[in-house]
Amino acid sequence: MALEEGARRTLIDSPGLLHGGMGLEFQIQLIDLLRPDHIVALQHGRELEQVLANFARRPDIQTHRIPVYLVVVPRTASERRRYREEWFPSYFAGAWVQQIALRGQGLQGRVPDPDNLSGASGGLVSFNDPENYVIVLGIFNEFDPKEHILTVLAPPFDPTSVASVRFGSVSLDLEAPPGSMECHRFETSKRGQPRARPHTPPPGL
């Protein structure tokens, strides 16, 4: 889209997910998909080298390694969550309960099982346009599987502009005190299938 709008340069700030096999694979696939001219690696030590090694022999990509300034203080997981939670009440301040028809819509993410909606209430939902850009966020209230009607708490928006709905793995309780408003609703069972979790923050967050 930036190229279509005539941008001469586009700077993409990649997500900070890095640790573990999933984090490394995510960053590698992201770079491979975007095919940038330059990679600017901000690292404390050599934590990005496993990612950068995959593009070291790519003549079309220049890599620039820059150390992180010592005055930069990283946020802890709890601080990042609290920062998000400060914005959620403001975002949903003007929200109201709405019914959205899902028949004919594309569904993505953690799509609830119509026969088992346990744990789905409170889940964060995004309504996306035909190019998969987020139009608005909503909070799952209930779902009528017969009529394919989704009831959500969301700011005002035009339902006719929605092309797909993405169900997230984060649950929100706007009435909860700071620090416990947000939690992950699903974990992977031993069989690899998602199962509902109690509405409590995971340990360590």
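A polar contact is a pair of N or O atoms within 3.5 Å, and within protein one of the two must be able to donate a hydrogen and the other to accept it. The legends below describe a predicted model.

**View 1. Gln-105 and the backbone of Val-162.** Gln-105 is found in the loop that lies between strand S3 (96–101) and strand S4 (106–109). A polar atom of the side chain of Gln-105 lies 3.5 Å from the backbone oxygen of Val-162. When its neighbours within four places in sequence are left aside, Gln-105 is in contact with Pro-159, Val-162, Ala-163 and Ser-164, and Val-162 therefore appears in this view both as a contact and as the residue whose backbone oxygen lies at the distance that the definition of a polar contact allows.

**View 2. Strand S5, enclosed on both faces.** Six of the six residues of strand S5 (residues 123–128) are buried, so this strand is largely enclosed by the rest of the structure. In a regular strand, the side chains alternate between the two faces of the sheet. In S5, Gly-123, Val-125 and Phe-127 are buried on one side, while Leu-124, Ser-126 and Asn-128 are buried on the other, and both faces are thus covered.

**View 3. The two pairings of strand S5.** S5 is joined by five bridges to strand S8 (residues 164–172), and the two strands run antiparallel; within this pairing, Gly-123 stands opposite Ser-171 in S8. S5 also pairs with strand S6 (residues 134–144) in the antiparallel sense, over five bridges, and here Asn-128 stands opposite Val-134 in S6.

**View 4. The hairpin of S5 and S6.** Five residues lie between S5 and S6, which together form a hairpin. In the turn, Asn-132 has a positive phi of about 70°.

**View 5. A nonpolar patch on the surface.** Ile-12, Leu-33 and Leu-34 form a nonpolar patch on the surface, and together they have about 320 Å² of accessible area. Of these residues, Ile-12 lies in the segment before helix H1 (20–34).

**View 6. The protein chain as the setting for the close-ups.** The protein chain has three helices and eleven strands, and from the N terminus on its elements run α-β-α-β-α-β-β-β-β-β-β-β-β-β. Of its 205 residues, 30% count as buried, and the accessible surface of the chain comes to about 14200 Å², of which 54% belongs to carbon and sulfur atoms. Among contacts between residues at least 6 apart in sequence, 57% join residues that are at least 24 apart.

Note on methods:
Residues are numbered from 1 along each chain as its sequence is written. This is a predicted model: local features need pLDDT of at least 70, side-chain atom pairs count only at pLDDT 80 or more; totals for chains, interfaces and linings use all residues. Side-chain values use heavy atoms; hydrogens and water are left out. Helices (H or I, at least four residues) and strands (E, at least two) are DSSP runs, numbered from the N terminus. Contact means heavy atoms within 4.5 Å. Patches are made of residues with over 30% relative accessible area and no salt bridge: like charges are joined within 9 Å, nonpolar side chains (Val, Leu, Ile, Met, Phe, Trp, Tyr) within 5 Å. Accessible areas come from the Shrake-Rupley method with a 1.4 Å probe; for residues, only the protein chains shown count as cover. A salt bridge is a side-chain nitrogen of Lys or Arg within 4 Å of a carboxyl oxygen of Asp or Glu. Buried means under 20% relative accessible area, exposed over 50%, partly exposed in between (1.4 Å probe, protein chains only). Two strands pair if DSSP finds at least two bridges between them.
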